[in-house]
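Reader: Before I rely on any labels for this protein, I would like to go through the reasoning behind them with you.

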Amino acid sequence: MRLLQSAGAHVAVELPPLSDDAVTELVRADLGDTSRDVQAGIVERSFGSPFIAAQLCDLVRAGRPLDGPGAATEITAAKLAAVSQPARALAELLAVIGPHASIGLAVAADGAPHFDDRIGELVAAQIISVSDGAVAFGHELVRAAVLATVGAVRTAALHDRIANALADLQPGALAAQAMHRSAAALNSLDSTAAQACLAAAREALRRDAVNDCADLAARGLRHADPGDAELSIELDCIAGQAHNRLGHYDAAAECFDRAGRRCAERGDWSGLARTALLASPRGVAGYFSGYGVVQAGSSGLRAQALAHRFDLDADLVAEVDAIEAVDRAIHGTAGDLDYLADAQARSAPGSRSWRQVRLAEFVCTWDPATVAERRKIAEELDELAGPDRAARATAIHLRRVCALEAGDMRLVCRLSAEFARLASDGGTDLAATQLWWQVMLAVLRGDYPQSQALMTRFAEGLGAVDGPARLLAEAAVLTSSSIELWHHGRLGEALVEADRTAEDFDEDFAIVVAMAAAEIGDHDRAMRLIETVLALPGRWHGPRVAVRVPLLIEALLAVGQNAPRCRARVVEFTATLEPLTHGWGEALIVQWPGLVCLGPSGLYRGTARGILGRAGARAEVVAARHRARALGARPYESRAEDRLTRWPFADER
C-alpha cells in the first residue's frame, strides 16, 4: 500500500497475453458453434488480447470479414465511421479526457447541443459505455485508436477546454488540471501550465504521492519562464523534496543546488537558507531522508547561507546552525559543539527554530552517559511536535531509544506501538525506520530467523533507488548481518564486504574490518586499522563515541586474546579509549540513529578496565551479564560469560 501511495495516481500493471487455448474458449463462449477457420483467425489476430478477441467476435457477428489486420485501430475506425461527425467529435473529447470521465465534466467540456443523442450513438457503436454517471471506453486500445485520429493542435485545444471545465467543476482536482494544462501547452513556456503544475506538485507532496510530485514539478519546470526565478526555485525545491523521499539523492541534489544558485544570483539569502534547510535531512529516525543518510543534504548550501548570517533572521540562522552541528556530530567532524552553541544563542523556547535546536542538542550529546538528559529533550520534542507527523515520529523514536538505553522494556513496547501507528501510513521513511527497529530488537534477542526475514522483506521492497541510497541500504543490511556473524564468531565471512563498504560508504566500517581481521588471525592489519581510526580528526564525543568505542574495544580484546605479542599495544590503545567510557553505568549501548543495540555498556567498560588491569573490572562484566540475562539479550549474556573465562579475566578469581 505504501508503494501504491507513493506512486500516486498512475500505476501501470502489465498482464501477459492469454494462451491460444484460452482465446479459443473465449471465442466459443461468445460465438457458439463456428468454423475452426474463424476460430483460428480470431486467435491469430488477437495476439492474446481478450479485448481484441471480443472485438473480432463482434465483426464476425455483424457478418464482416476478418481479412484485415484485425487490430483495435481498424476495428475502432470502422465503428467511428458508422456514427455522425458530431458524435465522433465527442468521442475525441472523451478520449482526451482519459479512460473514464464523469458525465458532468464531459458536458461542460463539450459545450455542444444534443449531448445525449451523441452519447447514445457512441454507446450503440460499442465505443463507450455509460454507468453510474460516468463514461468509460471499453478498453484502453479503443481510446488509443480514437486519439490516433486527432491532430496535435486539436488535441491541445481539447486539453485546454477540459482544464477550464475542471477548474469550474472540480477545483480540487489539481493533478488532473495540471496534466491537461501541460498537455495544452505543447511543451512550450506557459505560465498558466507551470503554476498549475506547481499547485498540483505541492498537493501531491502533502499526501506523500512523491512519484506524482516529482513528475508534476518536472513538467512545471519545462513550462516555467527562465526569467521567473521565484517560480523555478519553488518547483526545484518541491522536486528536490520528492526525490529525497524516493531515495533519488543525486537528482535531489541537482534540484536543490539549482534552486540555491538562483537564490544567490538574486541576492536572496533568506531563500538560499530556506533551500539549504529543505535540502538537509530533517528527522533523526528517517531512513531515506533522515540524518542516517550520509550522502543526503548539501553542506555547500549551508555554508553559503551561513556566510550571509547577518542578512538572515535569527531563527533561520539557528536552524541552519543546528543542522550543520548535527551533520558534523554524526560524521565525527570538529566544530559541532561550536555550531550548536551558536544555534542555542540565537534561539529560545517558543521560537520557530527551538525544536530543531533541541533536536540538534540531542544528537550532538548522544552518548551512553547522557541518557537522562536526552530523555528530557525527547519528551520536550514530543510536546512540541503538535500535529506534525514526522516531528512526532522523530520524538517518539528518540523516547523509545532512551527507554531502550535505560532498559525500560515496558516503555519501549508502548512507544514502539505508538511509532508503528504513525508509520503505518507515514511514508517510506517511517516504515523503514520501524522495520530496522524490529531488526535491531530481533538481533538483540538472538532471534536471527526473524531479523533475516525482516531484512529480506526490506530488500524486496526497496524498489529503484539511485547509487547513494542503494549504498545506504546495503550498509544497513551489512550492519545487521555482520552483528549476527560477530555473535557466532564468524565475522571473518563479512571481511570483504565490510572492506568495500568502508571504502565506498562510511570510514568507520574499518572498525568492522579490524574486528574481522582480528578474528581470522590477521592481527597486524587489525592493529593498523585500529590505530588509523584512533587518529581520525575531530573530537571524540557525541554519537561517534557509541559507534566507535565499543567495537574498538572488542577488536582490541580479540587481538589481545589471540596474539600475546601485541598486548602491550593493545593496552596502549585501550588506555586512550577507557576515559570515554566514564559514566556509562548500566545503560545499553544504542548507536545513532537508534537502530543498532550492542547490549550493556558495562560489558565494554568492564572489558576496557580489565585490559588495563583496573580493580572491579570483572565485577562490571558480571553485572553486564546479569543485565543482559534480565533483558533477554542472550547473545551478550553469552559473550560476557565467554570473556570471563579468557584473557584478561582468566587469572582474576
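Reader: Among contacts in the chain between residues at least 6 apart in sequence, what percentage join residues at least 24 apart?

Author: This is a predicted model, and in it 63% of the contacts between residues at least 6 apart join residues that are at least 24 apart in sequence.

Reader: What makes aspartate 110 and arginine 118 a salt bridge?

Author: The closest N and O atoms of aspartate 110 and arginine 118 are 2.5 Å apart, and because a salt bridge requires a side-chain nitrogen within 4 Å of a carboxyl oxygen, the pair qualifies; by this rule the count comes to 48 salt bridges.

Reader: Why can arginine 548 and aspartate 508 be said to tie together parts of the chain?

Author: Their side chains meet in a salt bridge at 2.9 Å, N to O. Arginine 548 lies in helix 30 and aspartate 508 in the loop between helix 27 and helix 28, so the pair ties together parts that are 40 residues apart in sequence. Both arginine 548 and aspartate 508 are buried.

Reader: Why is glutamate 578 called buried, and why is arginine 614 called partly exposed?

Author: Glutamate 578 has 3% relative accessibility, and because buried means under 20%, the label follows. Arginine 614 has 35% relative accessibility, and since partly exposed lies between 20% and 50%, that residue counts as partly exposed. The side chains of glutamate 578 and arginine 614 meet in a salt bridge at 3.5 Å, N to O, and both residues belong to a network of salt bridges that also includes Arg605, Arg609 and Glu620.

Notes: Residues are numbered from 1 along each chain as its sequence is written. This is a predicted model: local features need pLDDT of at least 70, side-chain atom pairs count only at pLDDT 80 or more; totals for chains, interfaces and linings use all residues. Side-chain values use heavy atoms; hydrogens and water are left out. Contact means heavy atoms within 4.5 Å. Helices (H or I, at least four residues) and strands (E, at least two) are DSSP runs, numbered from the N terminus. Buried means under 20% relative accessible area, exposed over 50%, partly exposed in between (1.4 Å probe, protein chains only).
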